[in-house]
Amino acid sequence: MSKHFDPLKAHSGRIHDYLLGGKDQYAVDREAGERIVGSAGEYQVAARAARAFLIRAVRHLAAERGVEQFVELGSGYPCPPNVHEAAQACAPAARTLYVDNDPVVAAHGRALLADFRTSSGQTRFVHADVIDTATIAGEMGGFLDLGEPIAICLGAVLEFVEDPCWVVQELVGTLPAGSYVVISHITGDIDTEIVARAAAVYASCDIAVWPRTRDEVTRILAGCELIEPGLVAPHRWRPDDELEQRRAQQLGSAPAHSTDICCYAAVGRVP
């Protein structure tokens, strides 16, 4: 995952922004996103379901488990509803650290998020790669209280990391007991052909993607205690049907509650 900016080279985060219906991409990213939607539309459904899961998970952790510190890695451009908005709606003092390896995304994020704070809740956007765990740990130590639970959010990012187990283990090692890891991950278990088509588009943009099996995704969270309902498709993780219906109408897509999709999601607790 490169930290260097090249407007002529597609970036996985900006392609993801396109798939979510955002507007912060370059022509090369939109072209790749259009090719994914055209040849593997179900991949876009998975991307949007994974984003909705992430926001539900943050709300659950803030409202039900008392978490007031969140880190979103590979966050991409701000995309409402943002993690800090979901967290602060339940816990006004919540702090959120955003991390992305695209320097333009980081600069844009800092500018947009500068005013997103309550009387006590704060946000910070930093430029770092998800595999640079030492830098991330240092940023967390300078902004968050390492003596209190922290939720690390890895939504739609680990499929672009060659060794996600090492990354998660390194980060978990910096967290206090009672912290959480939130992940979603693309899989070929459900529809191998659809995922292969999407992966081919990424490959044509020189972006490596590693869809993983259920067992492989489970190993990423080894050592964490999965909270109910465990490792499931993102739309099956504590769904809020009314909220999902409204979001689906806004995005112009239907929630996939009746079928499985090419993605897994889970929240693990650090014992």
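Helices here are DSSP runs of H or I with at least four residues, strands are runs of E with at least two, and both are numbered from the N terminus. By that rule, A62 is found in helix α3. I will come back to A62 shortly.

First, the ground rules. This is a predicted model, in which local features need pLDDT of at least 70 and side-chain atom pairs count only at pLDDT 80 or more, while totals for chains, interfaces and linings use all residues. Residues are numbered from 1 along each chain as its sequence is written, and side-chain values use heavy atoms, with hydrogens and water left out.

The overall count is 10 helices and 7 strands. Of the 271 residues, 52% are buried; buried means under 20% relative accessible area, exposed means over 50%, and partly exposed is in between, with a 1.4 Å probe and protein chains only. Contact means heavy atoms within 4.5 Å. Among contacts with a separation of 6 or more, 78% join residues 24 or more positions apart.

Back to A62. A62 is buried, at a relative accessible area of 8%. Leaving out residues up to four places away in sequence, A62 touches V67, F70, A87, C90 and A91. One of these, A87, is 25 residues from A62 along the chain, and their C-alpha atoms are 5.7 Å apart.

Next, the cores. A nonpolar core is a set of buried Ala, Val, Leu, Ile, Met, Phe, Trp, Tyr and Cys residues joined through side-chain atoms within 4.5 Å. The largest one has 32 residues, and V71, L73, I152 and L154 have the most contacts inside it. Elements that give two or more residues to this core include the strands β1 (69-73), β2 (95-100), β4 (151-155), β5 (180-186) and β7 (263-269), along with the helices α6 (133-143), α7 (164-172) and α9 (214-220). The most comes from α7, with 4 residues.

What does L154 touch, leaving aside its neighbours within four places in sequence? The list is L73, V130, V168, V181, V182, I183 and S184. There is also a second, separate core of 28 residues, with V58, V105, V182 and V267 among them.

Now two helices, α2 and α8. The expected span of a helix is 1.5 Å times one less than its number of residues. Helix α2, residues 27-39, has 13 residues and reaches 18 Å from its first C-alpha to its last, close to the expected 18 Å. Its buried residues are D29, A32, G33 and I36. Seen down the axis of α2, they fall within an arc of 100 degrees, so they line one face of the helix; the arc is that of the directions from the helix axis to the C-beta atoms. A27 and G38, on the other side of α2, are exposed. The cover over the buried residues of α2 includes α1 (12-19), α3 (41-64) and α8 (192-204).

Helix α8 also has 13 residues, and its end C-alpha atoms are 18 Å apart, which agrees with the expected 18 Å. Buried in α8 are I194, V195, A198, A199, V201 and Y202. Down the axis of α8, the buried residues fall within an arc of 155 degrees, so they too line one face. Turned away from that side are the exposed residues T192 and A203. The buried residues of α8 pack against α1, α2, α3 and β5.

On to backbone geometry. D206 comes just after α8, in the loop between α8 and α9. Its phi is positive, about 60 degrees, although D206 is not a glycine. D206 is exposed, with a relative accessible area of 62%. A156, in the loop between β4 and α7, has a positive phi near 55 degrees. Is A156 buried or exposed? A156 is buried, at 15% relative accessible area. The peptide bond from E228 to P229 is cis, with omega near 10 degrees, and P229 sits in the loop between β6 (225-226) and α10 (241-251).

Last, the cavities. On a 1 Å grid over the protein atoms alone, a cavity is a set of points where a 1.4 Å probe fits but cannot get out, and lining residues have an atom within 4 Å of a point. Grid points are joined across faces, edges and corners, and a volume is the space filled by probe spheres set on the points. There are 5 cavities of 30 Å³ or more. The largest has a volume of about 280 Å³. Its lining has 24 residues, of which H16, G74, S75, G76 and G155 are the closest to the centre. The elements giving two or more residues to that lining are α1 and α3, and the largest share, 4 residues, comes from α1.

Notes
1 Å grid on protein atoms, 1.4 Å probe; cavity = no way out; pocket = protein on both sides within 12 Å on 5 of 7 lines; lining within 4 Å.
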